[in-house]
Amino acid sequence: MNAGSTVLVTGGSSGLGAAVVSAVAGAGGRPLVLDRQPPADGVPWAACDLADTRAAEAATRDIVERTGGLDAVVTAAGMDVPGRLADVPGETWDRVVTVDLLGTAAVIRAALPFLEASRGRIVTVASTLGVKAVGDATAYCAAKFGVVGFTRALAAELAGRVGVALLIPGGMRTAFFDDRDPQYRPGPDAVLNDPADTAAAVMFALTQPAGCAVRELVVCAEQESSYP
């Protein structure tokens, strides 16, 4: 991206998404946000629940058409409700997979015509639990392993037309863990990354020169145990 580039960020009102919005704005770009909650003041946004994939497609097209073109998409939105498969309600399990995987694909599908016109870039956000499985996380691992496969296939499909990068972040100091049962929250001594540092990796992928692709980035705190 260059100064003035327009970047759509899902989940841009909090956590990693908000850090990416700040980084894009700081680099002279124009962030747009899809989220259920409003982002920072002055950032154009569309209210969107990614669990409704057709609505996510419509919201993507609407905000891009209203603001006039698109240069990049960063799919930072995500959720998790840990627990044993037998204990997590089916509706909750399905929602995790839908938001994290199917919502990612829906937004990118709707954005593709605009990105092909601008020869833009995509950065998807998986997780270290998209390459390393743990117990009590079947929905999240299924979704994030899916994001890894989806992104690798998409990169092959769009090679030479749209740049595609896969971000594999470890745990970050965000509100992501706040609503879960205490047993599934990081302990007081947990080593977590600053989301601003992970956002800097996103910006690295977005600012490569034409024809140069950063295919995959693993970014985590040096002593974090979820990778490799």
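Modeller: A pocket is an open set of points on a 1 Å grid over the protein atoms alone, with protein on both sides within 12 Å along at least five of seven lines, whereas a cavity is a set where a 1.4 Å probe fits but cannot get out, and lining residues have an atom within 4 Å of a point. This is a predicted model, in which local features need pLDDT of at least 70 and side-chain atom pairs count only at pLDDT 80 or more, while totals for chains, interfaces and linings use all residues. Residues are numbered from 1 along each chain as its sequence is written, and side-chain values use heavy atoms, with hydrogens and water left out.

Biologist: How much space lies in the second largest pocket, and what does such a volume stand for?

Modeller: The second largest pocket holds about 460 Å³, a volume being the space filled by probe spheres set on grid points that are joined across faces, edges and corners. Its lining comprises 25 residues, and those closest to the centre are Arg119, Gly120, Arg121, Ala210 and Gly211.

Biologist: What makes up the lining of the second largest pocket by class?

Modeller: There are 11 nonpolar, nine polar and five charged residues, where Ala, Val, Leu, Ile, Met, Phe, Trp, Tyr, Cys and Pro count as nonpolar, Asp, Glu, Lys and Arg as charged, and the others, Gly among them, as polar.

Biologist: Why is Arg119 called exposed?

Modeller: The relative accessible area of Arg119 is 59%, and exposed means over 50%, buried under 20% and partly exposed in between, with a 1.4 Å probe and protein chains only; Arg119 is therefore exposed. Arg119 is found in the loop between H3 and strand E5 (121–125), helices (H or I, at least four residues) and strands (E, at least two) being DSSP runs numbered from the N terminus.

Biologist: What makes the phi of Arg119 worth a second look?

Modeller: Most residues other than glycine have a negative phi. Phi of Arg119 is near 50°, a positive value in a residue other than glycine, and Asp136 also has a positive phi, near 60°.

Biologist: Is Asp136 buried, exposed or partly exposed, and where is it placed?

Modeller: Its relative accessible area is 21%, so Asp136 counts as partly exposed, and its place is in the loop between E5 and H4.

Biologist: Which residues line the largest cavity?

Modeller: Asp136 is one of them, together with Asp80, Val81, Pro82, Gly83, Val88, Trp93, Ala137, Thr138, Ala139 and Tyr140. The whole structure has one cavity of 30 Å³ or more, and the largest holds about 40 Å³. Helix H4 (residues 138–158) gives the most to this lining, with three residues, and by class the lining has seven nonpolar, two polar and two charged residues.

Biologist: How do you know that Leu206 counts as buried?

Modeller: Its relative accessibility is 0%, and therefore Leu206 counts as buried. Leu206 lies in helix H5 (residues 195–206) and touches Met1, Val7, Ala72, Val74, Arg121 and Val123, leaving aside residues up to four places away in sequence, where contact means heavy atoms within 4.5 Å. The C-alpha atoms of Leu206 and Val81, which are 125 residues apart along the chain, are separated by 30 Å.

Biologist: Why is the peptide bond from Tyr227 to Pro228 singled out?

Modeller: Most peptide bonds are trans. The bond from Tyr227 to Pro228 is cis, with omega near 5°, and Pro228 is found in the segment after strand E7 (216–219).
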